[in-house]
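Please open the structure in your viewer and keep the sequence beside it, because this tour asks you to select a few parts in turn. At each stop you will be told what to pick and what there is to see.

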Amino acid sequence: MNYEFIEYPDRDMLAIDLANQLSDDLEEALHHEDRVALAVPGGTSPGPVFDDLCGSDLDWSRVDVLLSDERWLPEDHERSNTRLLLQRLLVNRAANARLLPMYAPKPTPEEVLPELESNISPELPLAVVLLGMGEDMHTASLFPEADRLEEALLPGAPILVPMRAPGAPEPRITLSARVLDGALRKHVLIFGAAKRAALENAKGKSIFEAPINAVLNGAKVHWAE
């Protein structure tokens with residue numbers, strides 16, 4: 001497995017440089033396609049990257065933005081990843097981008113999978129994906145002990161997989177590994193010594209033990225303390 005590891009002197013420099021790389025990747029993709037798709041993670045880590053990326057001089061009206069995974073919560077809930085996107089990424093110039101939803105107001109994700117997948121399918125393969133990684137070596141909602149991890153890691157997996165995992169208070173929905181790994185450009189964002197150690201620990205492990213390994217080949221990993 002080959003990936004490029006890029007170390008930065010601080011998190012501010014990482015955010016600026018990564019935002020520039022994402023912008024360049026999208027601009028290149030727009031030279032070849034009418035529309036391009038960008039998948040991004042939730043959580044707090046990507047916020048500063050979004051703050052820089054949202055001002056990029058791109059034709060955002062031709063960019064579709066979606067989450068790599070989402071908690072099954074209303075978009076105005078404080079734990080909603082979509083809420084973060086609306087506040088930090090889909091503002092400024094990037095307000096012209098189109099958001100592909102990863103939530104619908106139904107009790108469970110299983111009830112609306114076909115509807116959500118139908119919005120994403122025409123935009124594949126993803127032009128660019130930005131992912132995070134947990135200390136347990138998960139990425140998106142591909143958790144080592146999740147109930148449908150095996151299905152989500154299959155070469156023929158569906159686009160979206162509902163996921164429930166120990167310690168996760170609500171159901172989640174995630175892009176499958178094949179969709180994430182199929183992106184034309186892949187970036188992984190991690191902070192801190194513990195996550196750098198987890199990345200090292202993932203070497204040699206199966207994708208079931210370390211789901212991050214399902215998407216690392218050919219990726220750029222961006223790290224700062």
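The tour goes from the sheet to a helix, then to three places in loops, and ends at two pockets. Keep in mind throughout that this is a predicted model.

**Stop 1: the sheet**

Begin by colouring the strands, and follow the open sheet that 7 of them form in the order E1-E10-E9-E6-E2-E3-E5, with parallel pairing. In general, strands of a sheet pair through backbone hydrogen bonds, either parallel or antiparallel. Which strands lie at the edges? They are E1 and E5, each of which pairs on one side only. Now select E6 and E9, which pair in the parallel sense over 4 bridges, and look for Leu130, whose bridge partner in E9 is His187.

**Stop 2: helix H7**

Next select helix H7, which covers residues 193-202, and show the side chains of Ala198, Leu199 and Ala202, which are buried. Why do these three lie on the same side of H7? They cover an arc of only 100° around the axis, and therefore they share one side of the helix. This fits a general rule: an α-helix has 3.6 residues a turn, so residues three or four places apart point the same way. If you also display strand E1 (4-7), E9 and strand E10 (220-224), you will have in view the elements against which the buried residues of H7 pack. Just after H7, pause at Gly204, which takes a positive phi of about 85°.

**Stop 3: three places in loops**

Move to the loop between helix H4 (113-120) and strand E6 (128-131), where Pro125 lies, and select Leu124 together with Pro125, since a cis peptide bond with an omega of about 0° joins the two.

Then select Asn92, in the loop between helix H3 (81-89) and strand E5 (98-99); Asn92 has a positive phi of about 55° although it is not a glycine. Is Asn92 buried or exposed? Its relative accessibility is 56%, so Asn92 counts as exposed, the cut-off for exposed being over 50%.

Go on to Met137, in the loop between E6 and helix H5 (149-152), which also is not a glycine and has a positive phi, of about 70°. Met137 counts as buried because its relative accessibility is 8%, and buried means under 20%.

**Stop 4: the largest pocket**

For the last two stops, show the surface. Rolling a probe the size of a water molecule over the atoms shows where empty space is left. The largest pocket holds about 370 Å³ of space, and of the 22 residues that line it, Pro41, Gly42, Gly43, Gly132 and His138 are the closest to its centre. Strand E4 (69-71) and strand E9 (185-191) are the elements that give two or more residues to this lining, and E9 gives the most, with 3 residues. Coloured by class, the lining of the largest pocket shows 9 nonpolar, 9 polar and 4 charged residues.

**Stop 5: the second largest pocket**

Finally, select Ala29, Glu33, Val36, Ala127 and Leu184, which lie nearest the centre of the second largest pocket, among the 15 residues that line it. About 250 Å³ of space lies in this pocket. Helix H1 (11-30) and strand E2 (36-40) each supply at least two residues of its lining, and H1 gives the most, with 3 residues. By class, this second lining has 8 nonpolar, 1 polar and 6 charged residues.

Key:
Residues are numbered from 1 along each chain as its sequence is written. This is a predicted model: local features need pLDDT of at least 70, side-chain atom pairs count only at pLDDT 80 or more; totals for chains, interfaces and linings use all residues. Side-chain values use heavy atoms; hydrogens and water are left out. On a 1 Å grid over the protein atoms alone, a cavity is a set of points where a 1.4 Å probe fits but cannot get out, and a pocket is an open set with protein on both sides within 12 Å along at least five of seven lines; lining residues have an atom within 4 Å of a point. Grid points are joined across faces, edges and corners, and a volume is the space filled by probe spheres set on the points. Ala, Val, Leu, Ile, Met, Phe, Trp, Tyr, Cys and Pro count as nonpolar, Asp, Glu, Lys and Arg as charged, and the others, Gly among them, as polar. Buried means under 20% relative accessible area, exposed over 50%, partly exposed in between (1.4 Å probe, protein chains only). The arc is that of the directions from the helix axis to the C-beta atoms. Contact means heavy atoms within 4.5 Å. Two strands pair if DSSP finds at least two bridges between them.
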